[in-house]
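Subject: Structure for you to look at

Hello,

The sequence and the structure are placed below. My notes on the strands, the salt bridges and the aromatic rings follow after them.

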Amino acid sequence: MGKIKNILVIEDEPFIRQSIVSFLELENYKVSAVQTVKKAIHKFNDDDFDLVITDIMLPFSGGFEIIDHVKNHLYKKPVPVIILSGMEKEILQATITQADACLLKPFSPQLLIKTVKNLLE
C-alpha cells in the first residue's frame, strides 16, 4: 500500500469546504483546508501536498493566484490543481492558466472523488 496522499483545499464557504474534506477523508486522503489564498500559500510552502483543490472566487484574492503559485514555483514534484467554480467563464480561463481539472458547482461527491483519483493515480 502506498503513501497516503496529502490534499490542500482552499474554499471560503464553510459548508462546501467541510463537505469536500469529509468526502476526501472517507477515501483515506489526508486533507488540510483553508479559506484564503494567503493561508493556502503559507500552508503549501510548509507542507508536501500531492494535490490542490481551490475555489476561484475567494476573498481578497482569486484562486488563479494559488494556481500560479503552485504551477510556477520549483517544488520537488509537479502538483496537480483542481479548480471549483460556479461560473463557466472562469472555468475556461482556469483551463488556460494551467489547472489540471475543473469542476462546476454544484458537483457530486462521486465526480469529485473520480477527478481526484484520476489525477493522483
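Five of the five residues of strand β1 (residues 6–10) are buried, so β1 is largely enclosed by the rest of the structure. Buried means under 20% relative accessible area, exposed over 50%, and partly exposed in between (1.4 Å probe, protein chains only). Helices (H or I, at least four residues) and strands (E, at least two) are DSSP runs, numbered from the N terminus.

The model is a predicted one: local features need pLDDT of at least 70, side-chain atom pairs count only at pLDDT 80 or more, and totals for chains, interfaces and linings use all residues. Residues are numbered from 1 along each chain as its sequence is written, and side-chain values use heavy atoms, with hydrogens and water left out.

Strand β1 and its partners

In a regular strand the side chains alternate between the two faces of the sheet. In β1, Asn6, Leu8 and Ile10 point one way, while Ile7 and Val9 point the other way, and all are buried.

Strand β1 runs parallel to β2 (residues 30–34), with five bridges joining them; two strands pair if DSSP finds at least two bridges between them. Four bridges join β1 to strand β3 (residues 51–55), and these two also run parallel. Isoleucine 10 has a partner in each: valine 34 is its bridge partner in β2, and threonine 54 stands opposite isoleucine 10 in β3.

Together with helix α1 (residues 14–26), β1 and β2 make a right-handed β-α-β unit. A crossover is right-handed if, with the strands pointing away from the viewer, the path from the first strand over the helix to the second runs clockwise.

Salt bridges

Side chains of opposite charge can pair when their charged atoms come close. There are seven salt bridges in the structure, each being a side-chain nitrogen of Lys or Arg within 4 Å of a carboxyl oxygen of Asp or Glu. Three of them are described here, including their places in the chain.

Glutamate 27 and lysine 117 meet through their side chains at 3.0 Å, N to O. This pair links distant parts of the chain, 90 residues apart: glutamate 27 is in the loop between α1 and β2, and lysine 117 is in helix α5 (residues 109–120). Glutamate 27 is partly exposed, at 34% relative accessible area, and lysine 117 is partly exposed at 31%.

In the salt bridge of lysine 77 with aspartate 50, the closest N and O atoms are 2.6 Å apart. This pair too links distant parts of the chain: lysine 77 is in the loop between α3 (63–72) and β4 (81–85), and aspartate 50 in the loop between α2 (37–46) and β3, 27 residues apart. Lysine 77 counts as partly exposed at 27% relative accessibility, whereas aspartate 50 is buried at 9%.

Aspartate 100 forms a salt bridge with lysine 71, with 2.5 Å between the closest N and O atoms. The two are 29 residues apart, aspartate 100 in the loop between α4 (88–96) and β5 (101–104) and lysine 71 in helix α3. Both are partly exposed, aspartate 100 at 38% and lysine 71 at 25%. Separately, Lys3, Asp48, Asp50 and Lys77 are joined into one network by salt bridges that share partners.

Aromatic rings

The structure holds one aromatic pair. Phenylalanine 44 and phenylalanine 49 are stacked, 6.3 Å centre to centre with 10° between the planes. Rings of Phe, Tyr and Trp (its six-membered ring) pair if their centres lie within 6.5 Å; planes under 30 degrees apart count as stacked, over 60 as edge-to-face and the rest as tilted. Phenylalanine 44 and phenylalanine 49 are both buried.

Regards
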